[in-house]
Amino acid sequence: MKSFSSYERQEHFDQLSQEEWDVLVIGGGITGSGIALDAASRGMKTAVVEMQDYAAGTSSRSTKLVHGGLRYLKQFEVKMVAEVGKEREIVYENGPHVTTPEWMMLPFHEGGNFGPFSTNVGLRVYDYLAGVKKSERRTMLSAEEAIEREPLVKQEGLKGAGFYVEYKTDDARLTLEVMKKAVEYGASSTNYAKVVDFIYNENGTIHGAKIEDTVTGKQYHVKAKKIVNAGGPWVDELREIDGSKKGKTLQLTKGVHLVFDQSKFPLKQAVYFDSPDGRMIFAIPRDGKTYVGTTDTEYQEEIAHPTMTEADRDYILDAIHTMFPSVEVTANDVESSWAGLRPLIHEDGKDPSEISRKDEIFVSDSGLISMAGGKLTGYRKMAQTAVDLVRDQLMEEYGIRYSDSETKHMPISGGDVGGSKGFKQFKKERIQIGESIGMSKEEAEKLVRLYGSNVDSVFHIYKNRKQDAEEAGIDPIVFAQLVYGLEAELTYKPVDFFIRRTGALFFNIHWVHEHKEAVIDYMAKELNYTEAQKSDYKEELELLLKEAVNPVEYV
Ligand SMILES: Cc1cc2nc3c(=O)[nH]c(=O)nc-3n(C[C@H](O)[C@H](O)[C@H](O)COP(=O)(O)OP(=O)(O)OC[C@H]3O[C@@H](n4cnc5c(N)ncnc54)[C@H](O)[C@@H]3O)c2cc1C
């Protein structure tokens with residue numbers, strides 16, 4: 001059907017239940033999206049169901065870095081660092097609009113975890129393992145050079161800093177762009193579609209799933225030759241339904257990030273530093289804000305709804321005050337926050353921050369394939385591994401032949417900009433087009449970064465539907481983004497738009513307050529919300545706006 005339009009929700013469900021799929025992917029986080037793209041682009045008949053919104057689980061709640069995980073070198077995870085490190089470049093080339101190089105400073109102080117020698121060796125090994133290109137290889141900074149780059153860093157006892165490249169991303173948009181590409185290749189993908197049970201053959205082999213449309217409550221039977229569980233923190237819940245939760249299980253740990261306005265925390269340079277208890281923390285400037293995180297604590301509450309507690313907030317504030325002594329931010333300056341759950345594979349006797357981040361595949365007796373662990377950065381390689389297994393099984397059991405993965409050199413949706421080199425010129429040209437249709441340079445640039453080569457569609461809506469925007473009482477740029485979201489990004493609820501489609505609830509929370517009423521009214525009209533739906537969705541957004549700023553205590 002190749003549609004990703006919320007106006008065709010019902011058709012998506014109809015199609016799901018009418019066909020037999022080669023592979024049904026459960027979960028529309030980065031893992032499920034990657035698997036969907038790899039499978040669909042090999043020609044497999046692929047369907048995806050996501051019980052919330054795309055990336056609403058962990059994939060919108062990360063540190064938003066495409067990185068090799070320098071700190072895992074301390075745990076001698078050499079193979080993982082090498083593999084994930086190499087993937088950074090691939091993720092960047094295939095979607096330079098959602099991924100941007102970011103030089104990172106790693107300061108070292110007297111008595112700290114790292115010294116010049118260990119930092120230099122560590123970064124050198126990292127460069128080597130990750131196959132970092134020459135222009136992006138690490139350098140070492142003297143204390144004076146480090147202070148020049150970031151005067152807010154604690155100067156007392158500063159001995160110097162490592163300086164190396166990572167990549168900044170928008171995790172939710174990366175996930176969406178990958179999923180959109182999978183849909184371009186023919187995958188059928190639906191959000192608010194929850195697997196509530198599995199269907200088995202008489203010999204006990206898994207052969208489908210019962211899916212519930214969580215908006216209408218209607219259920220559908222979906223048939224598939226192979227089922228991949230990419231449920232992130234919910235992987236074990238699905239294994240439980242399958243009766244196969246045994247052996248290794250998941251351990252969830254929570255990570256929180258805080259967002260400050262640059263007027264309160266004017267960080268110029270991304271810094272990766274030791275917190276007072278020795279954990280590593282990032283502080284990163286982004287779009288007029290500075291965000292800092294993350295914590296790492298065990299979590300046993302509701303999986304769908306992790307939040308910042310007072311202890312999380314104080315831990316990060318304390319880390320900021322220690323590394324940036326002149327920055328006097330307080331709890332009142334927290335403009336937004338988010339909390340995410342790491343779906344780690346349990347290892348007896350290990351502290352959460354020491355558990356390996358590597359991915360693993362479990363195949364149950366019924367044939368359910370579950371993929372857990374891993375990193376956002378390594379999604380493409382993880383997907384390739386999972387789909388190779390599906391391909392081999394399809395060959396063995398059904399004699400159907402599919403080819404090898406082709407995603408290594410495949411731009412994701414929005415990534416048709418001529419790679420990282422071409423993106424500069426692409427951006428320049430599109431900004432000019434944006435200006436020529438009445439936007440400011442900054443407005444146009446923001447849209448180009450958000451949508452990449454799909455920005456043309458957003459510009460088109462902006463240019464041709466100003467009258468509709470006015471009638472809806474919505475700013476024409478917001479309107480263009482919203483219409484694009486409804487027609488081409490399966491935006492169904494207001495929170496989808498304000499969190500996963502635009503990232504605004506985290507990085508531009510005032511914008512959300514400014515536009516929420518008009519946006520909700522428009523969505524209610526366009527998607528025929530009932531009165532109850534409209535008020536529920538409004539309440540959901542209000543709750544998340546509140547929790548982003550105010551800590552929630554678990555009882
Ligand atoms: C605090 C934190 C910081 C991180 N920072 C980084 C980083 O900077 N860089 C990096 O590379 N990695 C990072 N990670 C790791 C990375 O975010 C995760 O590895 C990745 O997002 C996991 O994606 P996933 O698709 O497996 O899980 P999820 O994104 O959680 O997706 C699973 C999806 O499955 C859906 N689902 C579950 N059950 C069902 C069902 N029954 N029916 C239908 N759908 C279902 C859920 O709704 C969910 O959307 C971080 C993680 C955390 C927690």
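## Close-up views of a predicted model

**View 1. Strands 17 and 18 make an antiparallel pair.** Strand 17 (residues 360-363) and strand 18 (residues 369-372) are joined over four bridges; two strands pair if DSSP finds at least two bridges between them. Helices (H or I, at least four residues) and strands (E, at least two) are DSSP runs, numbered from the N terminus. Look for Phe362, whose bridge partner in strand 18 is Ser370. The two strands form a hairpin with five residues between them, and Gly367 in the turn has a positive phi of about 105°.

This is a predicted model, so to speak of local features pLDDT must be at least 70, and side-chain atom pairs count only at pLDDT 80 or more, while totals for chains, interfaces and linings use all residues. Residues are numbered from 1 along each chain as its sequence is written.

**View 2. The ligand sits among 39 surrounding residues.** A residue belongs here if its C-beta atom, placed from the backbone, lies within 6 Å of the molecule. The closest are Gly27, Gly29, Gly57, Gly232 and Gly255. Helix 2 (30-41), strand 8 (193-200) and strand 16 (336-345) each give two or more residues to this shell. By class, the shell has 14 nonpolar, 19 polar and six charged residues; Ala, Val, Leu, Ile, Met, Phe, Trp, Tyr, Cys and Pro count as nonpolar, Asp, Glu, Lys and Arg as charged, and the others, Gly among them, as polar.

**View 3. Helix 4 (residues 116-130) has a buried side.** Thr119, Leu123, Tyr126 and Ala130 are buried (20 or more other C-beta atoms within 10 Å of the residue's own, against 12 or fewer for exposed and partly exposed in between, with C-beta atoms placed from the backbone). These four cover an arc of only 55° around the axis, so they lie on the same side of helix 4; the arc is that of the directions from the helix axis to the C-beta atoms. The face turned away from this side carries the exposed residues Phe117 and Tyr128. Just after the helix, Gly131 takes a positive phi of about 60°.

**View 4. Phe13 is a buried residue of helix 1 (residues 9-18).** Phe13 counts as buried because it has 23 C-beta neighbours inside 10 Å. Leaving aside residues up to four places away in sequence, Phe13 touches Thr190, Asp213 and Tyr220 (contact means C-beta atoms, placed from the backbone, within 7 Å). Asn191 is 178 residues from Phe13 along the chain, yet their C-alpha atoms are separated by 10.0 Å.

Methods. The expected span of a helix is 1.5 Å times one less than its number of residues. Two residues are in contact if their C-beta atoms, placed from the backbone, lie within 7 Å.
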